[in-house]
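User: I would like to see how the terms used for this model are justified. Please set each value against its definition.

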Amino acid sequence: MKLGFGLYRHQLNAEHYDFAKQCGATHLVVHLCDYFNKENSTEKEQQDSNQPVGGSGGWGVAKGAADPIWTLEGLTKLKAEVESHGLKIWAIENFDPAMWSDILLDGPKKEQQMQGLQDIIRNVGEVGIPVFGYNFSLAGVCSRQVGPVARGNANSVYMREVDETPIPNGMVWNMQLPTDNKGITPTGDQDFIPHDVLWQRLQWFLKNLVPVAEEAGVRLAAHPDDPPMPIVRKSPRLVYQSDMYHKLLDMQPSRSNSLEFCLGTIAEMTEGNVYEAVDTFSQREAISYIHFRNVRGKVPHYDETFIDDGDIDMVKVLEILKANNYDGILIPDHTPLMTCDAPWHAGMAFAMGFMKAAFQQVMGK
């Protein structure tokens, strides 16, 4: 097992690479999609945010594949920058929604967009990045708020009710899509589709992308639905109970069809047991990397807690992973914000310190 660190697009710089290294990380999971790409997003908001939350209006505006960071040249440059600070990129997490909106929505450009995703995965493989995480969802991560719900009144993410606001046309995965070349913004809301239709769209996605990932030496890694509810924003979800991961894996059996395993999301689910899920899927060798975070409660009423203060016995999770010879990375994902001049840095440093100590305890080092 390896200790990793997740960085958002605006954090891909020397300061944050050094911070990750100082915390004990050897690997990074990087987000190239800019969730904070909106006019009213200040630099301080980005610095203080441990994750994009946003309301029904979405996070920001998607940029799409025109962003040069997704090219072979851009990825090569990023990899070299990271490695110059003594780190390695383990995974890229999430496509930009504008890259695959018609794949998610079964729109007229899905074939063209699939060619674009295939090119990106080939670039990722050529650069030598082993994993690409994704979340096949229409609504994305939503229905959450931020408030002083963590220990000591630390600000953290929580959920109390399901957002039933329909997804407007022109939005997918909780981000606004760019307007068309005539500057026209779509009106109205997305039509509701049943769960089996969304599963069919996922199957088409896997059928067309997994073989390319196999050739490129890249593992696609699926995140469970967050929050794990069957319906959010009047749209269906795919993996809102842990056993649904089996269906996803069995749709396209391959080492390149794997899991981005989020402990917090699994624990929030109303059925199953987080330790059994860790044991089952690590034995199946299906986990590419793990979001190592803690929560208290289950949907639709839960709080994200400090890593040592939730419902999950994190050391027990490490013991299960060790017994099953898991050799991927674990990242703290995100944490409560601590009351100080650097809320995000302090919260992440606390989480990483706990993880480092727990690693030493379990691994005997």
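Analyst: Buried means under 20% relative accessible area and exposed over 50%, with partly exposed in between (1.4 Å probe, protein chains only). Helices (H or I, at least four residues) and strands (E, at least two) are DSSP runs, numbered from the N terminus. The model is predicted: local features need pLDDT of at least 70, side-chain atom pairs count only at pLDDT 80 or more, and totals for chains, interfaces and linings use all residues. Residues are numbered from 1 along each chain as its sequence is written, and side-chain values use heavy atoms, with hydrogens and water left out.

User: Why is asparagine 257 called buried?

Analyst: Asparagine 257 has a relative accessible area of 3%; the limit is under 20%, so asparagine 257 counts as buried.

User: What makes the link between the side chain of asparagine 257 and the backbone oxygen of glutamine 252 a polar contact?

Analyst: The side chain reaches that oxygen at 3.2 Å. A polar contact is a pair of N or O atoms within 3.5 Å; within protein, one must be able to donate a hydrogen and the other to accept it, and residues adjacent in sequence count only if both atoms are side-chain atoms.

User: Which residues of helix 1 are buried, and how do you know that they share a side?

Analyst: In helix 1 (residues 14-22), His16, Tyr17, Phe19 and Ala20 are buried. They cover an arc of only 160° around the axis (taken from the directions from the helix axis to the C-beta atoms), which puts them on the same side of helix 1. The face turned away from that buried side carries the exposed residues Glu15 and Gln22.

User: What follows helix 1?

Analyst: Glycine 24, whose phi is positive, near 105°.
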